[in-house]
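Good morning, and thank you for making time for this item. I should like to take you through one structure, from its overall fold to a single helix and then to the RNA.

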Amino acid sequence: MNEYLEEIIKASLAQFELKEQPEIKLEAPKDATHGDASTNIAMMLAKPLRYNPRAIAQQIVDGIIYNDRKISSIEIAGPGFINFRFAEDYLFDELASIIEAGTEFGKTTSSKGKNIQIEFVSANPTGPLTVGHGRNAVLGDTVARLMEWTGAKVDREYYFNDAGRQMRVLGQSVQARYLEQLGIETVFPEGGYEGEYIKDIATELIKDKGEQLVESDDWTPFKEKAEEEIFADIDRTLTRMNIHMDNHFNEHSLYENGDIDSVVSRLREKGLVYEADGATWFKTTEFGKEKDTVLIKSTGEPTYRLPDIAYHANKLDRGYDLCIDIFGADHIATYPDVLSGISALGYDPEKIDVIVYQFVTIVKDGQPFKMSTRKANFVTLDELMDEVGSDVTRFFFLMRSPNTHLEFDIAQAKEAGEKNPVFYLQYAHARIHSILRKAEEEYSFSGKAKLNLLQEEAETTLIKTLFKLPVAIQSAADAREPHRLINYLNDVASAFTSFYHDCRIMGMEEDLAQARIALAKTTAQVLNNGLTILGITAPERM
RNA sequence: GCGCCCGUAGCUCAACUGGAUAGAGCAAUUGCCUUCUAAGCAAUAGGUUUCAGGUUCGAGUCCUGAUGGGCGUACCA
């Protein structure tokens, strides 16, 4: 519809001899009495044309030639809005086309042909995923699904580093528990990982290897066992949340294939790298930073920025049109350096997109809860899903804008009742299926539904709401904000329940019942498609 | 000190990237179950969008300053 409106408005604008085509913005007015679609184009043109916006609006309207099967009226309102009202025929035509599209309804082609890579979770394997990781995981996966619905091919990638101090301490922690469980006196490493899962890994190791490792003064086998077990555990957790990675990328491979060295030498050729105080520096001041940045420490070890730059170069070398990173607010400082590095190497920084989400505050027993993986003071995602299931878990992470500090009240999430908005959507879907089951026994329809029997206000409102799924998906995908889709689905569920109360199906004469069932079925389809993108189930019974 | 994010109903948050009378859920009050799932519907109440200026036809949204909070600001990741 928007394309059609744009087209007819554009045709009318030809009368003005504009230097450049203005962008025609169409939106659904908040207040339905204003119409079904609205544009502010006349107000936008007021300045360049130096003329009264309402008068411009009048001229535009006079110049519009429209199909009255699609548009029933055009009005000018307020300071110069042009409001369009959809024709009845259009509603029914469109409803029929949604039914036709079925599980495909809502897909767009805006990213067609694009290869997109999205990197998320990327937790190093030092312990189970916590509720803190949950927002990253669910946000990343859902943005990936949204991009897929706009036509892109998306690869989900998990980036990790199994070298370094963290992992050494992990290995030593397992080693200590291993010896402890075999009754050998030992000292638990300072700053070691205190969680119960470390003991479980030690137990597994005893099962596998018995006492073979008692004499080992090397912590490597312990680290390796821990990594294997923890990754398997992380993978199980992700699978439970309906998340499947396409690729795991080990930072270490960047050292093995020479990418790290190559990045430094290429930057050095450009005169952006120099040595000072025994360290290797990147001239980030050339990119507007106050200080230069260390790439390689005087110990010879790179800082994390260097592999980060090499990793992003590697992604772009793989031919992706767009690489999306999901970062917590604490990692935000790293990415300007990565972009500087990437541009210096001759890549297009526009191809890197960073989604920053704010931290999750866990509220437990009415109090904010501070977590630490090392101190084993955390709520794992698995524990959370044991309590509330994966649907509620995903929904809670998605229901708010990534940009706001999310408060996750565990008590509230546990409550399966009214406080829990995910059920509102699922309940609407289950209700529809309940009706469909009953209708199947009662009626046997033949021929096509006569959709033009849908004349009640609740019916019209519902139909118009259903149309907006593609727009909602597009907007959520463009902004990388899944919560927009949730807000939309709430509108759908709400429009449906109003319809449900105002318009009965059972007991109605056959043609009307058939038309209403078609509408209910379409609603279920829209809810189902939306919930699929959110990675949440659409139950047929509750 | 400097940089980024945020401040909207009692609470948790929306507001389609500058549009028309700022909206939902929870909490409060009031109606509605012998007919398709009351995990619901309908309605009432609740606001100087933290404060002070500015930009323009028009600001919760943009700019400046103040203020409160979160996160950064390392030869930690």
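Please keep in mind that this is a predicted model. Of the contacts in chain A with a separation of 6 or more, 73% are between residues 24 or more positions apart. Chain A contains 19 helices and 15 strands, and its C-alpha trace spans about 85 × 65 × 40 Å along the principal axes. Of its 542 residues, 40% are buried.

Let me turn to helix H10, residues 259–269. Which of its residues are buried? They are Ile 260, Val 263, Val 264 and Leu 267. These four lie on the same side of H10, because they cover an arc of only 95° around the axis. The general background is familiar: an α-helix has 3.6 residues a turn, so residues three or four places apart point the same way. On the other side of H10, Ser 265 and Glu 269 are exposed.

What do the buried residues of H10 pack against? Their partners are helices H9, H11 and H12, together with strands E8, E9 and E10. After H10 comes Gly 271, with a positive phi near 75°.

Finally, the RNA. Strand B is surrounded by 71 residues, the closest being Asp 277, Ala 333, Ser 401, Ala 430 and Ser 434. The elements giving two or more residues to this surface are helices H2, H15, H17 and H18 and strands E4 and E15. By character, the residues of the surface near RNA strand B comprise 29 nonpolar, 26 polar and 16 charged.

Thank you; I welcome your comments.

Methods. Residues are numbered from 1 along each chain as its sequence is written. Chains are lettered from A and ligands numbered from 1 in the order in which they are written. This is a predicted model: local features need pLDDT of at least 70, side-chain atom pairs count only at pLDDT 80 or more; totals for chains, interfaces and linings use all residues. A residue is near a molecule or strand if its C-beta atom, placed from the backbone, lies within 6 Å of it. Ala, Val, Leu, Ile, Met, Phe, Trp, Tyr, Cys and Pro count as nonpolar, Asp, Glu, Lys and Arg as charged, and the others, Gly among them, as polar. A residue is buried if 20 or more other C-beta atoms lie within 10 Å of its own, exposed if 12 or fewer, and partly exposed in between; C-beta atoms are placed from the backbone. The arc is that of the directions from the helix axis to the C-beta atoms. Two residues are in contact if their C-beta atoms, placed from the backbone, lie within 7 Å.
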